[in-house]
Amino acid sequence: MSKVVIYNEEDFAKLRESANVVAITLAEVAKVIKPGVPLTYLDQVGEQCIRDHHAIPACKGYMGYPAALCLSVNDVVVHGIPYPNLYLRDGDVISVDVVALLNGYHGDFCYTFEVGEVAEETRLLLKRTKESLYKAIEVAKIGTTFSEIGKTIEEYVSQFHYSVPQEFTGHGVGRHMHEEPSIPNYAVRKFDSISRLRIAPGMSFCVEPMVKIGQGQNKTRFKSKFDDDEWTARTPDGQPAAHFEHQLVVTEKGTEVISSYKLLGEVIGTEELY
Ligand code: MF3
Ligand code: CO
């Protein structure tokens with residue numbers, strides 16, 4: 001039995017506002033990303049921007065998470081904590097994951113940035129991870145099963161000998177940061193409940209491929225290695241990882257991407273599809 005929450009147009013209007021706060025916040029953080037900057041400063045800029053928009057940084061205090069943003073550098077896959085001793089260096093990549101709670105609704109999305117001059121193979125990882133997200137969005141139409149999303153991501157990135165994590169997934173989002181269904185970045189077995197659940201009007205969810213260079217312990221899937229803080233999740237082999245996340249709602253007209261990278265495209269000089 002599925003416990004997927006079905007939202008209405010009023011809810012969607014609020015979700016779009018929350019997503020707008022995240023878009024603005026990501027762009028503000030993007031403006032200050034450069035070699036030498038402490039991660040704590042990025043976190044402060046993000047938190048201030050969220051609060052300036054009368055929203056709450058929803059990660060702060062969530063299951064004890066200590067910061068406003070998740071800032072994951074190089075081999076950190078997700079949930080990197082901005083510790084005071086961490087600084088950006090030329091050649092790093094950093095994923096900035098922002099969750100803002102406004103009027104009871106969550107905005108949650110993420111982008112991976114280049115810091116200074118980044119190695120070509122890492123730039124390709126970022127480009128292809130974002131492409132896998134767009135491929136997944138293309139298949140996420142009314143009537144498609146949620147397992148198609150993961151299948152699309154895994155198939156797309158595995159041609160480059162990349163792999164996706166077993167532990168971290170996309171998810172329903174709305175009044176809670178994490179709702180059902182959980183949406184793996186890989187194909188699930190035929191009889192798992194998610195393989196039968198179909199995308200339908202009223203649903204609200206995040207698609208978030210996390211991808212690392214090189215195969216995992218299980219070929220196209222890898223198991224992350226956790227630091228002692230039990231948050232910081234790293235690739236098992238030290239290879240860099242990328243993470244892109246968009247937020248989607250499904251109206252009667254179809255699937256709509258409510259998150260946007262356009263503002264931050266203006267900051268970093270990229271053409272962004274959504
Ligand atoms: N977007 C992240 C996720 O969906 C945010 C997690 S907030 C944290 O997992 F508090 F758990 F870090
Ligand atoms: Co998320």
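The exchange below goes through helix packing, nonpolar cores, a metal site and some individual residues of a predicted model.

Biologist: At about what angle do helix α1 and helix α2 pack?

Modeller: Helix α1 covers residues 9–31 and helix α2 covers residues 39–52, and their axes lie 9 Å apart. The crossing of these two helices is right-handed. As for the angle at which α1 and α2 pack, the value is about 150°.

Biologist: How many nonpolar residues does the contact of α1 with α2 have?

Modeller: From α1 come Val-21, Ile-24, Thr-25, Glu-28 and Val-29, and they meet Leu-42, Val-45, Gly-46, Cys-49 and Ile-50 in α2. Divided by class, this contact has 2 polar residues and 1 charged residue, and its count of nonpolar residues is 7.

Biologist: How many charged residues are in the contact of α3 with α4?

Modeller: Helix α3 (residues 120–139) and helix α4 (residues 147–158) have axes that come within 9 Å and cross at roughly 145°, and this crossing is right-handed. On the α3 side the contact includes Arg-128, Glu-131 and Lys-135, while on the α4 side Glu-148 is one of the residues that take part. Beside 6 nonpolar and 2 polar residues, the number of charged residues in this contact is 4.

Biologist: Which helix gives the most residues to the largest nonpolar core?

Modeller: The largest nonpolar core holds 71 residues, of which Leu-42, Ile-94, Val-96, Ile-149 and Phe-205 touch the most other members. The element that gives the most to this core, with 10 residues, is α1.

Biologist: Which residues does Leu-42 touch, not counting residues up to four places away in sequence?

Modeller: Leu-42 belongs to the residues of α2 that meet α1, and it is also among the members of the largest nonpolar core that touch the most others. With residues up to four places away in sequence left out, the residues touched by Leu-42 are Val-29, Val-32, Ile-33, Val-37, Leu-69, Leu-71, Leu-88 and Ile-94.

Biologist: Which protein residues are the donors of the cobalt ion (ligand 2)?

Modeller: Along the chain, the donors follow the spacing D-x62-H-x36-E-x36-E. They lie 2.1 to 2.3 Å from the cobalt ion (ligand 2), and with their donor atoms they are Asp-108 (OD), His-171 (NE2), Glu-208 (OE) and Glu-245 (OE).

Biologist: Is Glu-208, a donor of the cobalt ion (ligand 2), buried or exposed?

Modeller: Asp-108 lies in strand β5 (residues 105–114) and Glu-208 in the loop between β9 (204–207) and β10 (210–213), 100 residues apart, so that this pair links distant parts of the chain. Because buried means under 20% relative accessible area, Asp-108 falls in that class at 3%. Glu-208 has a relative accessible area of 5%, and therefore its class is buried.

Biologist: Which residue other than glycine, in the loop between α2 and β1, has a phi near 60°?

Modeller: The loop between α2 and β1 (56–57) is the place to look. The residue there has a relative accessible area of 70%, and since exposed means over 50%, it counts as exposed. With its positive phi, it is His-54.

Biologist: In which strand does Pro-181 lie?

Modeller: The peptide bond that leads from Glu-180 to Pro-181 is cis, with omega near 0°. Pro-181 itself lies within residues 179–183, which form strand β8.

Biologist: How far apart in space are Gly-80 and Asp-229, C-alpha to C-alpha?

Modeller: Gly-80 lies in the loop between β3 (76–78) and β4, and with a relative accessible area of 3% it is buried. Leaving aside neighbours within four places in sequence, its contacts include Tyr-65, Cys-70 and Thr-232. Although Gly-80 and Asp-229 are 149 residues apart in sequence, their C-alpha separation in space is 9.9 Å.

Biologist: What separates the C-alpha atoms of Lys-253 and Asp-237?

Modeller: Lys-253 is found in the loop between β15 and β16 (254–257), where it is exposed, with a relative accessible area of 85%. Along the chain Lys-253 and Asp-237 are 16 residues apart, and the separation of their C-alpha atoms is 44 Å.

Note on methods:
Residues numbered from 1 in each chain as written. Chains lettered and ligands numbered in written order. Predicted model: local features only at pLDDT ≥ 70, side-chain atom pairs only at ≥ 80, totals over all residues. Heavy atoms only, no water. Axes fitted to C-alpha atoms, helices over the stretch in contact; angles between N-to-C directions. Helix = DSSP H or I, 4+ residues; strand = E, 2+ residues; numbered from the N terminus. Left-handed = near helix turned anticlockwise from the far one by under 90°. Contact = heavy atoms within 4.5 Å. Nonpolar A, V, L, I, M, F, W, Y, C, P; charged D, E, K, R; others polar. Core = buried A, V, L, I, M, F, W, Y, C linked by side-chain atoms within 4.5 Å. Buried < 20%, exposed > 50% of the residue type's maximum accessible area, 1.4 Å probe, protein only. Donors = N, O, S within 2.8 Å, 3.2 Å for Na, K, Ca; no water.
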